[in-house]
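Biologist: I should be grateful for a close look at a single strand of this model and at the strands beside it. Please describe its surroundings and its pairing in one connected account.

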Amino acid sequence: MSLAIPSFSTLPLVVRIILYSIGFVLGLMLIGVAIAAIVVTICYPSLPDLDALTNYQPRIPLRIYSRDGHLIGEFGEERRAPVHFQEVPDTLKQALLAAEDDEFYQHYGIDPKGVLRAVYVNIMERGRRQGASTITQQVARNFFLTPEKTLKRKFYEILLTLKIEQNLSKDQIFELYINQIFLGQHAYGFAAASQIYFGKPLARISLAEAAMLAGLPKTPSKNPVRDPKYARQRQEYVLRRMFELGFISAEERQEALSEALVVKRDIGQHALHAEYVAEMARLIAEEQFPDTVYSGGLQVITTINMTEQEAAWRALRQGVLDYDQRQGYRGAEGFIDLARFARGGADESSGDNPDNTLDAALHEFPSVEDLPPAVVLSASAQSVTAHIRDGETVTLSGDAVKFAARLLSDKASPDKKLRPGSVIRVSKKDDGQWQIAQLPDVEAAFVAAHPADGSARALVGGFDFNLGSYNRVTQAWRQPGSSFKPFIYSAALEKGFSPASVVPDEPMTLSAEVTGERPWEPKNYDGKYDGPITLRKGLARSKNMVSIRVLQDISARYAQDYITRFGFDAARHPPYLTMALGAGSVTPWQMAAGYAVFANGGYRIRPYIVQEIRNAQGQVLAQAAPVKAGDEKQRAIDPRNAYLMYSMLHDVAVYGTAGRASATLKRRDLAGKTGTTNDYHDAWFCGFQQTIVGCAWVGFDQPRKLGSRETGGFTALPIWIDFMRQVLKDVPEAPQARPKGIVNAYDDLYYSENVPPPPELEDPSMPEEGFSLSTSVSPPPGSIAPF
């Protein structure tokens, strides 16, 4: 029996239409496959070479380190910190898989459902949108393609993805993704993002932080700094996906959701306070390696020690704040019209516009550590309620408002009185409670160096780098006042004076012919005069009349030339008698170098801040070659001169204007000199122990009076003491060794060739050996007779 097969024409019309449609579609598919095969055959060989992946050389920023290995600065458009796959915490890997591609280790680079979705969206939305991509596709896009969203680019992305999957392992692809992806705030890669957002290395992040970071690739502009609310939503999504995939337990998820994250609000902010040092190192690296400085991964190793740097920063900061407290409260820093701003919290979310918040308004005021801005919401004579930027709303009363009490009272002038909308600063007391504070308008500088080779051990160029990068240690030319007197005294020792030389401390008037300008009647700081006194006492008491008479005797021209031995510029110290009072111009950097000569036995050193520069592989490209004390070619002054100056400056730090130094630190090996310029414009203290020299300065950038009694001993010396308290706490006392050629006679020290003869005895019949060193003596050689 045979079966009759119906002809196509006898089939029902509906069936024939269906078959025609199937055939048409299959034909189109075959044609499409053929065309795709041809295109692939033609395009695949022309795809970019994968050397950019297999020999990955990211643009690594310039990094600045302390001598003991702490990162203190990073410069470059792209902040990167490449890590090996094995160094990435499992929690972050799992978070990324949950957020971006949970089947990454199962597919071949392409998620078919994702591709179909992307094609559909591009067609329906005219190429304006696109669905999610796999991790491999994101690597292909980030390394080789533009961010445009078209079918053509998507096709090339698929081809590149397949090529990458054929040539690299899954872990290699994942590592590239972790190091390359952009995550906002100039961060490229998750290690850099961890430092920028949380201030910690990748290995130390928590589950909550890992989830926050894993949520960034989708929209890096909405990061925890710029859009905390959205970043939180993404974190919650990532944690939910991790739980659904079995990566974490319900308890771990809840614990992560409850964790309060501390996000660094300022890009470039570091927990270490060495911004001025980092900027100096950056300029040096830029000068040495201009082509690769911000992309070649250069590493600059500075000379500073971070423990000492932190001590310097805290000492300077406390000294400035103490001074500012003494001067009183100046008033509000600015004003915000509260009617124009919806009250927002730390998440900056209020209404439809996230910028329409108090926090957004407060971000217009400079960020200063420990002194956040706050806006007054209500105020009375007894209390102030204020909203702190990115923080809480607090009510202050009692001692917390005492500093500003004058401007809270009903007697305060309306334009000065604190009122709703006033922008103030607050700070936390030791007990954790907030109090009203203010930004100081005075400035300061501090530098410490090793006297043996000039290597800087700590440097702070101002109260806060965020208020300006002007480095007062190296750039501020100021009058040194009495802190310059030791260099005049040193010159006098070379002219035959000794610490025991007697000089009249008496008023004097200098005519216009002598001064070259107008008559001058210099005075001592306290207006008191002690009559004939020794150089030693004159320096300890900072007697201006003594210094002027000494300079007059040795000549200002001689002193102008002599001070160049210490590194000072003669042109900045005109040869007039005012040089005796420090009327020239110096920087704290120069002063530290000058005092180092007294500390190291008479050798001129040159301070430096960069120890070496290395490439990304750690090879040394440039290295400092410091001048060291002990090299006789670098001798600036006679070792005996250095010792006598140490001896006299030691008296200053024990009995004189800086006696507070030895009394507070309970040491007998300190030496130094205070300095206060005319009208209290500058306050100085420069001093040393034989292992370290330090110099502190306080003043206004635009010179004006610091205030009555704001002298070097009262304003600048406390900064030096607070620093040395930390630095010298484990250093045993070590007075300088006396060199050969120094003789102790008549209760003082002399060059051996300058020892005065024994005094004349009243009774010639007495034997010469019977005289006592305590006997009254005539002025030794080098003494000056009264006018």
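Modeller: Two strands are said to pair if DSSP finds at least two bridges between them. The model is predicted, and the part chosen here is strand β19, which covers residues 682–689. On one side, β19 pairs with strand β18 (residues 671–676); the two run antiparallel and are joined by 6 bridges. Within this pairing, T674 has F685 of β19 as its bridge partner. The connection between β18 and β19 is a hairpin with 5 residues between the strands. In that turn, D679 has a positive phi of about 65°.

Strand β20 (residues 692–699) also pairs with β19, again in the antiparallel sense, and here there are 8 bridges. In this pairing, F688 stands opposite V693 of β20. These two strands likewise form a hairpin, with 2 residues between them.

The burial of β19 can be followed face by face. A residue counts as buried when its relative accessible area is under 20%. One side of the strand carries D682, W684, C686 and F688, and these residues are buried. The other side carries A683, F685, G687 and Q689, which are buried as well, and both faces are thus covered. Because 8 of the 8 residues of β19 are buried, the strand is largely enclosed by the rest of the structure. Two of the residues named in the pairings therefore belong to this enclosed strand: F685, the partner of T674, and F688, which faces V693, are both among its buried residues.

Notes: Residues numbered from 1 in each chain as written. Predicted model: local features only at pLDDT ≥ 70, side-chain atom pairs only at ≥ 80, totals over all residues. Heavy atoms only, no water. Buried < 20%, exposed > 50% of the residue type's maximum accessible area, 1.4 Å probe, protein only. Helix = DSSP H or I, 4+ residues; strand = E, 2+ residues; numbered from the N terminus.
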